[in-house]
Amino acid sequence: MTIGWHFNNTYSKLSDTFREEIKPIPVNSPELVILNENLASELNLNFSKIDKKELSKIFSGNLLPAGSNSIAQAYAGHQFGHFTMLGDGRAVLIGEHMTKSNRKYDIQFKGSGKTAFSRNGDGRAALGPMLREYIISEAMHALKIPTTRSLAVAKTGEDIQREKVLQGAVLTRVASSHIRVGTFQYIAARQKEDELKTLLDYTIDRHYPEIKDSNNKALDLINLLIDRQCNLVVNWMRVGFIHGVMNTDNMAISGETIDYGPCAFMDTYDPKTVFSSIDQTGRYAYCNQPVITKWNLARFAECLVPLINKDQEKAIKTATDTINSFEKKYEEKWMNMMRDKLGLFGLDDKDKFLILDLLTWMHEKKADYTNTFCHLMSLDPKKSELYNDKDFINWKKRWEDRSSKNNSSSKKSIELMRNNNPLFIPRNHKVEEALKAAEQNDLKPFDKILEILEKPYDEQEANVDYQSPSISDEEYKTFCGT
Ligand code: AMP
Ligand code: MG
């Protein structure tokens with residue numbers, strides 16, 4: 001019985017400029033930690049007949065499947081505002097897998113050893129951060145947010161040196177592609193129009209075939225990416241997700257959330273929340289995410305200037321006008337998202353005040369973002385005195401008045417809220433607990449949190465402790481590049 005790999009590799013056929021051909025570097029004693037059976041079956045892959053030893057070899061990169069053609073991809077990026085040449089320094093794309101319904105997915109190993117782009121890094125990744133990416137990316141998927149997925153994590157049996165010695169691991173990441181804003185920046189920096197055209201056509205063919213015959217593909221692609229990225233960041237804001245390192249190399253052209261480094265979910269509502277230990281200035285704080293999205297999109301548009309119009313001045317003007325449509329689009333989508341969270345139908349002039357007043361109250365009272373919406377759905381995990389506050393009660397009256405103008409049943413309103421307000425998010429203390437245990441070979445808490453986060457919109461009475469924020473955000477810092 002075969003696994004069902006069906007590779008149709010196209011990126012590896014692009015010229016040398018775009019990638020380096022390289023195999024994952026074999027590891028000492030591979031050991032599978034987790035395999036995502038649900039995802040495997042969505043991909044029409046069947047590993048049930050493969051023994052653990054063989055699986056360990058497969059998911060550590062020691063045994064490449066037939067049809068794989070492994071490469072590291074070249075890209076550049078603005079990291080915290082500074083332009084740098086990057087590339088897959090610790091990742092290898094083993095191939096593009098086609099499902100039976102002709103959907104194509106990149107299968108990539110992260111932590112698979114040095115490549116031509118490793119610079120000073122060791123090309124490896126640590127177990128904790130790879131399991132963390134697994135938890136958060138799968139949680140994002142269950143939250144109905146576009147994201148790369150995690151198919152497996154395997155330990156390498158090798159130590160890696162960070163601040164302290166850690167266990168090495170490889171994550172198998174699944175993405176609809178790994179083309180980034182940074183990929184365009186890398187090609188644009190080479191100033192060869194034919195290469196830029198190749199990348200543009202490749203990207204459109206892969207992600208946006210609807211514009212393949214348009215008169216101005218570059219401009220249309222910018223507009224489509226603005227839309228996708230607006231949708232994405234609005235979804236992040238909906239659930240309190242903070243990406244943490246929104247460099248242009250970590251923004252995918254597919255519109256999926258990618259590169260789970262120092263990301264985390266906000267507990268207490270504070271727009272300035274930052275989790276990343278290296279983000280000293282708060283560049284990637286919760287409230288800055290839309291601003292940075294626009295900034296990254298502007299970097300993307302700059303790359304495409306030569307293809308927008310032969311007249312550079314006109315091209316720049318068109319690109320600038322297009323990028324400046326961001327705020328209006330974002331605002332509209334954000335307002336609609338907040339209306340959904342509040343179960344409001346239709347539009348009302350005063351909606352914005354209603355929404356902002358709630359957020360201001362949450363900020364002032366240090367209310368938990370997720371649980372405040374649970375309270376509004378009468379699904380408080382724990383009764384909290386906080387909501388007896390007179391300002392909150394007054395606000396609630398205004399909300400109820402507005403809801404009565406919904407022109408829809410209260411059942412529909414609750415349904416809308418239930419579909420948009422998660423009860424369960426990856427609570428930082430629970431994620432840490434699961435990772436700590438997994439590092440000691442106890443996978444029970446890890447399996448449990450995964451199971452809970454598979455159904456974030458459902459009531460799970462036995463798991464209310466997974467709904468509470470227990471340590472303060474100030475104490476919680478996450479690290480990237482580990
Ligand atoms: P990230 O912070 O994961 O987005 O990574 C930024 C850049 O650093 C990418 O080019 C990565 O491939 C590279 N990188 C991160 N960690 C390592 C490592 N341990 N070895 C080599 N390259 C790395
Ligand atoms: Mg990255």
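Student: In this structure, is Asn250 buried or exposed, and what is its relative accessible area?

Tutor: This is a predicted model, and the values discussed here are computed from it. A residue counts as buried when its relative accessible area is under 20%. Asn250 falls under that cut-off and is therefore buried, with a relative accessible area of 11%.

Student: Which residues coordinate the magnesium ion, ligand 2?

Tutor: One of them is the residue just discussed, Asn250, which contributes its OD1 atom, and the distances of the coordination run from 1.9 to 2.2 Å. The other residue is also buried, with a relative accessible area of 16%. The magnesium ion is thus coordinated by Asn250 and Asp259.

Student: Which residue has a polar backbone atom 2.8 Å from a nitrogen atom of ligand 1?

Tutor: Several contacts involve nitrogen atoms of ligand 1, and in the case of Arg90 an N or O atom of the side chain is 3.2 Å from such a nitrogen. For Arg124 the distance is again given as 3.2 Å, but there a backbone N or O atom takes part. The polar backbone atom at 2.8 Å belongs to Gly123.

Student: How much of the accessible area of ligand 1 does the protein cover?

Tutor: On its own, ligand 1 has 480 Å² of accessible area. It is surrounded by 17 residues, and the closest include Gly87 and Arg119. The shell divides into 2 nonpolar, 7 polar and 8 charged residues, and the part of the ligand's area that the protein covers is 87%.

Student: Why does Cys303 form no disulfide, and how far is its sulfur from the closest cysteine sulfur?

Tutor: A disulfide is a covalent bond between the sulfur atoms of two cysteines. Cys303 is buried, with a relative accessible area of 7%, and the structure holds 0 disulfides. The closest cysteine sulfur is in Cys230, too far for a bond because the distance is 19 Å.

Student: How far apart do the C-alpha centres of domain 1 and domain 2 lie?

Tutor: The chain is divided into domain 1, covering 11–178, and domain 2, covering 334–420. The distance asked for is taken between their C-alpha centres, and it is 40 Å.

Methods: Residues numbered from 1 in each chain as written. Chains lettered and ligands numbered in written order. Predicted model: local features only at pLDDT ≥ 70, side-chain atom pairs only at ≥ 80, totals over all residues. Heavy atoms only, no water. Near = heavy atom within 4 Å. Polar contact = N/O pair within 3.5 Å; in protein donor to acceptor, adjacent residues only side chain to side chain. Areas by Shrake-Rupley, 256 points an atom, 1.4 Å probe, with all protein chains shown as cover. Nonpolar A, V, L, I, M, F, W, Y, C, P; charged D, E, K, R; others polar. Donors = N, O, S within 2.8 Å, 3.2 Å for Na, K, Ca; no water. Buried < 20%, exposed > 50% of the residue type's maximum accessible area, 1.4 Å probe, protein only. Domains from an automatic or database assignment. Disulfide = S-S within 2.5 Å.
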